[in-house]
Amino acid sequence: MAAVQSTEPDRVDIAKTNTTPGEGYDKKCIFCKIVNKEIGTELLHCDEEISCFRDIKPGAAHHYLVVPTKHVGNCKSLSKEHVPLVERMVEMGKEILQKNNVTDLSDVRFGFHWPPFCSVTHLHLHVLAPASQMGMMSRLFYRVNSYWFITADQLIQLLKSKGETD
């Protein structure tokens, strides 16, 4: 079971981030608007490559979304070249959890909803902890080995294998 001391995430100074939409921005995308501070969602992390914020409908005590700062389509649109991005997203998820006193990273779920089962087309990694304490509906929505949810490790393996049989 994850050791959780606080549910308040550390705040991050994001004063140096880009505030004007440009390349890699989709004006219809809610996550692009969040990253560009057009919506009052607190950013827990924001740099040129990766941003992180809390999920609006948390499925666990700690439920964060890690997104590319520039718009990238859903996980089905990715290629082998996106493996480093997905790996960096996972690392950022781990860092955010550790900053918020989640010490048991074996009781964490990292994953993506598989299209058409995703409500936002901007690539986003769900980071949930402690996974052992998720409610019944969260266990269903973020179910491993389902048609609608793929773990980060499964996606990385899938992307690495792309092109090998093409």
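This is a short tour of a predicted model, stop by stop, with something to select at each one.

**The whole chain**

Start with everything in cartoon view. The protein has four helices and six strands, and from the N terminus on the elements run α-β-β-β-α-β-β-α-β-α. Now switch on a surface. About 9200 Å² is exposed, and carbon and sulfur atoms supply 52% of that area. Of the 166 residues, 45% are buried. How much of the contact map links residues 24 or more positions apart? Among contacts with a separation of 6 or more, such pairs account for 63%.

**Strand 4 and its two partners**

Next, select residues 109-113, which form strand 4. This strand is mostly covered, with four of its five residues buried. Which strands pair with strand 4? One is strand 5, residues 125-129, which runs antiparallel to strand 4 and is joined to it by three bridges. The other is strand 6, residues 149-151, also antiparallel and also paired over three bridges.

To see each pairing residue by residue, show two pairs as sticks. Glycine 111 has histidine 126 as its bridge partner in strand 5. Phenylalanine 112 stands opposite isoleucine 150 in strand 6. While the sticks are up, keep in mind that side chains in a regular strand alternate between the two faces of the sheet.

**Histidine 63**

Keep histidine 126 on screen and add histidine 63, which sits in strand 3, residues 62-68. The two histidine side chains are joined by a polar contact of 2.9 Å. So the residue that bridges to glycine 111 also has a side-chain link to strand 3.

Is histidine 63 buried or exposed? Its relative accessible area is 3%, and since anything under 20% counts as buried, histidine 63 is buried. Its side chain also reaches the backbone nitrogen of glycine 59, at 2.7 Å. Now expand the selection to whatever touches histidine 63. Leaving aside neighbours within four places in sequence, the contacts are Arg54, Asp55, Lys57, Pro58, His126, Val127, Leu128 and Tyr142.

**Two cis prolines**

Move on to the loop between strand 4 and strand 5, where you will find proline 116. The peptide bond leading to it from proline 115 is cis, with omega near 10°. Then follow the chain through strand 5 into the loop that precedes helix 3, where proline 130 lies. Here, the bond from alanine 129 to proline 130 is cis, with omega near -10°. Most peptide bonds are trans, which is a good reason to pause at both places.

**Alanine 131**

Stay in the loop between strand 5 and helix 3 and select alanine 131. With a relative accessible area of 7%, alanine 131 falls under the 20% cut-off and is therefore buried. What does alanine 131 touch, beyond its neighbours within four places in sequence? The contacts are Asp107, Val108, Arg109 and Arg139. For a distance to draw in the viewer, try alanine 131 to serine 106: 25 residues apart in sequence, yet 9.0 Å apart in space from C-alpha to C-alpha.

**The nonpolar patch**

Go back to the surface and color Met136, Met137, Leu140 and Phe141. These residues make a nonpolar surface patch of about 430 Å². Phenylalanine 141 belongs to helix 3, residues 136-141. Its relative accessibility is 43%, which lies between 20% and 50%, so phenylalanine 141 counts as partly exposed.

**Two residues with positive phi**

Last, two stops for the Ramachandran plot. Most residues other than glycine have a negative phi. Lysine 37, in the loop between helix 1 (30-35) and strand 1 (43-46), has phi near 60°. Lysine 37 is partly exposed, with a relative accessible area of 33%.

The other stop is asparagine 145, in the loop between helix 3 and strand 6. Its phi is also positive, near 60°. Is asparagine 145 buried or exposed? At 64% relative accessibility, asparagine 145 passes the 50% cut-off, so it counts as exposed.

Definitions and conventions. Residues are numbered from 1 along each chain as its sequence is written. This is a predicted model: local features need pLDDT of at least 70, side-chain atom pairs count only at pLDDT 80 or more; totals for chains, interfaces and linings use all residues. Side-chain values use heavy atoms; hydrogens and water are left out. Buried means under 20% relative accessible area, exposed over 50%, partly exposed in between (1.4 Å probe, protein chains only). A polar contact is a pair of N or O atoms within 3.5 Å; within protein, one must be able to donate a hydrogen and the other to accept it, and residues adjacent in sequence count only if both atoms are side-chain atoms. Contact means heavy atoms within 4.5 Å. Patches are made of residues with over 30% relative accessible area and no salt bridge: like charges are joined within 9 Å, nonpolar side chains (Val, Leu, Ile, Met, Phe, Trp, Tyr) within 5 Å. Accessible areas come from the Shrake-Rupley method with a 1.4 Å probe; for residues, only the protein chains shown count as cover. A salt bridge is a side-chain nitrogen of Lys or Arg within 4 Å of a carboxyl oxygen of Asp or Glu. Two strands pair if DSSP finds at least two bridges between them.
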